[in-house]
Amino acid sequence: MHDGDAEPVGALFTRRRVLAFVLALVVLAGLGVAYTVHAIEREDKKKYGGNGTAPGPVPLSLQGPPRLLFRSTESGPGYGHVAAVDAAAPGGARQVADRTCDRLYAAAGRALCLIVDRGVISRNYALVLDDQLREVRRVELAGTPNRARLSASGRMASWTVFVYGDSYAATSFSTRTSVLDTRSGELVQSLEDFAVTKDGADVRTPDRNFWGVTFTADDNTFYATMSTGGPPHTYLVRGDLKARTMTVLRENVECPSLSPDGTRLVFKKKVSNDGRNPWRLYVLDLASGTETALAETRGVDDQAVWLDDHTVAYGLPTGAGAGSDVWSVPADGSGAATRLVAGAFSPAPLR
Amino acid sequence: MYLSSSRSQDTATGVRRDRARAAGGVVTANVVALGLVSLVTDISSEMVTAVMPVYLVAGLGLSILQFGFLDGLYQGVTVFLRLAGGHIADRFAARKKVAAVGYGVSAVSKLGFPLIGASVPGIGTLLAVDRAGKGLRTAPRDALISLSSTPESQGKAFGVHRALDTVGAFTGPFIAFLILSAVATAYDAVFVVSFCVGAVGLLMLLLFVRDRPSPASERKAASTRAGLRLLRDAPFRRLCGCALLLGAATVSDAFVFLVLQRRLDLAGHWFPLLPLGTAGVYLLLALPMGLVADRVGRRTVFLLGHVALGGVYALLAGPVGGLALLAGVFVLHGTFYAMTDGVLMAAAGAGLPAPLRTSGLAVLQTGQAAGKFVSSVAFGWAWTRWGPERAVMWSGAALAVAFAVSAAVMGGARARARWGR
């Protein structure tokens, strides 16, 4: 081999070089395959390898004593399944259903379940479930499930998904939030179709994104997050489904969740530009407009739920694994965060 | 004159036989090897591109909004490295080495993702490193393609290369989604496999691609000043100007597919497949268009390719919908790429002196990239302001102006050349 020599044209395809390449190809292919197999085994072990509760023979019913419903992330055969624990003893044994969900919410004997149907091309669905977790309605989603919520009466359902702008410019993201009236069957595909006013003026920027809906008791009024502008700002909006309008109330409020008595919102507030955990949980008193920081000091990226008028609950990842825990904290800023259920995500109280 | 001197030097060096074969209608082994390197590297990078959105949101749980600020970082880094890489490659006659560094940097950056985890600045840096590698390698690679072909067969050589390149763009996402459907949430597997594939590409370059040996006199000729002096050469300067102008009227792929998705109201899961439609047509037409360009004139074909782009705009803003719209956009968008992407490099390649070919191509690519950057900022602004349909119409108007100016500038140049200059 004479690298850089003037004469040997095409001589680089020598037997020795081809052989060296084939050898390297075999090594690299082996490395890629071995790592992929290892990764599959590792993930499987992480999710299903533990001795967590398996789906039981008794069907899980949403009717019955007060419980906490959630998505089980306990390592074992019940990973990813819908599960419930006694509200009075959340640390106790869980009942696991056959149904799997990636996001979950329940109210008044009805559940909303967002699922990812994984395949070469993944498809996503929102399922409305009855009190026996049987599917009564299915809506295909435009992206990856993020938030799910029902009104207290169980009639109004809302979900937020992530939509990936395109596959070439990987940094373009948006959200899409839909609202379904489970009684009439009417579906609002995207809140972006609603008119928005801020300080009396129309907000028409097409870069508006909405997420994290919470409904009031009248099944028509709702609160949600709107984001717009570059760099984006987030706003709390109050909306009217019949009128198809929204009004901006204040800034820096994400994923609001209305208390059962309808007087306060728990939400995540951006408090730093740290990429890992920029948010803290706050409670907003709607009448006075005062914000109270809650005792949870870790960053929370979840739409919290109210267990009662004094306590909120939310999911937090456990660390490196696929697992997460459900924690609770008093809603008045006092006390401290406590772990409610280990190996759980997407909590919803069954009152 | 640059042109004549470079040609006489070329025949004096050892690429003589390569060139003779190319002139006889055979694309040199070097060009095919470079095409295969690009094919494999594209599989590697398309894999990452395909999983990145899912990885960021589902795997790391990052807020979508934290990602806005990552974008700005890329542009500056890439531009600087492209120019610097081009100059170094010429100065030390090290086109292959500079390209290898670029391919290597990109390959290694893939391993960083599983290591860095959920750090927004970390991910931003890795994406920037990956693009820096791409910026570094593009000009020396295209210079190698150009130098491995006769002046008469530049279009054909770039056509072969771009066709192979596009095969990679096709296969990458499919491999990524296949792996993901097998491993579900183990995104690190995609990154590791992407690294392995990138390493294969780098090895192919190191083992099979041969740089053009340059005498010491040529290297000395490749000074910074000589590089700058390239722009004094009127035809080259005009080509750069037209590339910039037309680039500024070229709506980026991302926006084309977004508008298309809105017009067709496509379900989200079909969206990642849209670029493959354009790529498919590009793949089929890259070589034929290269051959046509060699015959009727590369600048003419490059210019006329923008008529196809105008057709894309007309479809996007027009009344036609459904399958006709989808197929029409794919065909015209793919044709546009086939007539402009490799053809522009082919148009410049033969006219640039061999010792300065990398620098020259780097300058040309930088001009085009700058134009496209202006375009995407302007289009995003127009979209926000007036909505997608009117943004497309304005782009169409801008394209018509850019086309007219370019036709006058390049046509005038050719006319003068023909009148015996």
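Among contacts in chain A between residues at least 6 apart in sequence, what percentage join residues at least 24 apart? In this predicted model, the figure is 42%. Let us use that as a way into chain A, and then move on to chain B.

**Chain A as a whole**

Chain A is built with one helix and 26 strands. It has 351 residues, and 50% of them count as buried. What about its surface? The accessible surface of chain A comes to about 15400 Å², and carbon and sulfur atoms account for 52% of that area.

**A disulfide in chain A**

How many disulfides does the structure hold over all chains? There is one, and it is formed by Cys101(A) and Cys113(A), whose sulfur atoms lie 2.0 Å apart. To find the two partners in the structure, look first at the loop between strand 3 (95-100) and strand 4 (103-107) of chain A, where Cys101(A) sits. Then look at strand 5 (residues 110-117) of chain A, which holds Cys113(A). The two cysteines are twelve residues apart, and the pair links distant parts of the chain. Are these cysteines buried or exposed? Both Cys101(A) and Cys113(A) are buried.

The disulfide also has a handedness. The torsion about the S-S bond of Cys101(A) and Cys113(A) is about -115°, so this disulfide is left-handed.

**Cysteines in chain B**

Now for chain B. Why does Cys242(B) not bond to the cysteine whose sulfur is closest? That closest sulfur belongs to Cys240(B) and is 9.4 Å away, which is too far for a bond, because a disulfide needs sulfur atoms within 2.5 Å. The table shows how covered two cysteines of chain B are.

| Residue | Relative accessible area | State |
|---|---|---|
| Cys196(B) | 4% | buried |
| Cys242(B) | 4% | buried |

Each of these values is under 20%, so Cys196(B) and Cys242(B) both count as buried.

**Two helices that meet in chain B**

Two packed helices are described by the angle between their axes and the distance between the axes. For helix 7 (residues 154-183) and helix 8 (residues 187-208) of chain B, the axes come within 9 Å and cross at roughly 145°. The crossing of helix 7 of chain B past helix 8 of chain B is right-handed.

Which residues make the contact? From helix 7 of chain B come Ala176(B), Ile179(B), Leu180(B) and Val183(B), and they meet Tyr187(B), Ala189(B), Val190(B) and Val193(B) in helix 8 of chain B. By class, this contact has eight nonpolar residues, with no polar and no charged ones.

Key: Residues numbered from 1 in each chain as written. Chains lettered and ligands numbered in written order. Predicted model: local features only at pLDDT ≥ 70, side-chain atom pairs only at ≥ 80, totals over all residues. Heavy atoms only, no water. Axes fitted to C-alpha atoms, helices over the stretch in contact; angles between N-to-C directions. Helix = DSSP H or I, 4+ residues; strand = E, 2+ residues; numbered from the N terminus. Left-handed = near helix turned anticlockwise from the far one by under 90°. Contact = heavy atoms within 4.5 Å. Nonpolar A, V, L, I, M, F, W, Y, C, P; charged D, E, K, R; others polar. Buried < 20%, exposed > 50% of the residue type's maximum accessible area, 1.4 Å probe, protein only. Areas by Shrake-Rupley, 256 points an atom, 1.4 Å probe, with all protein chains shown as cover.
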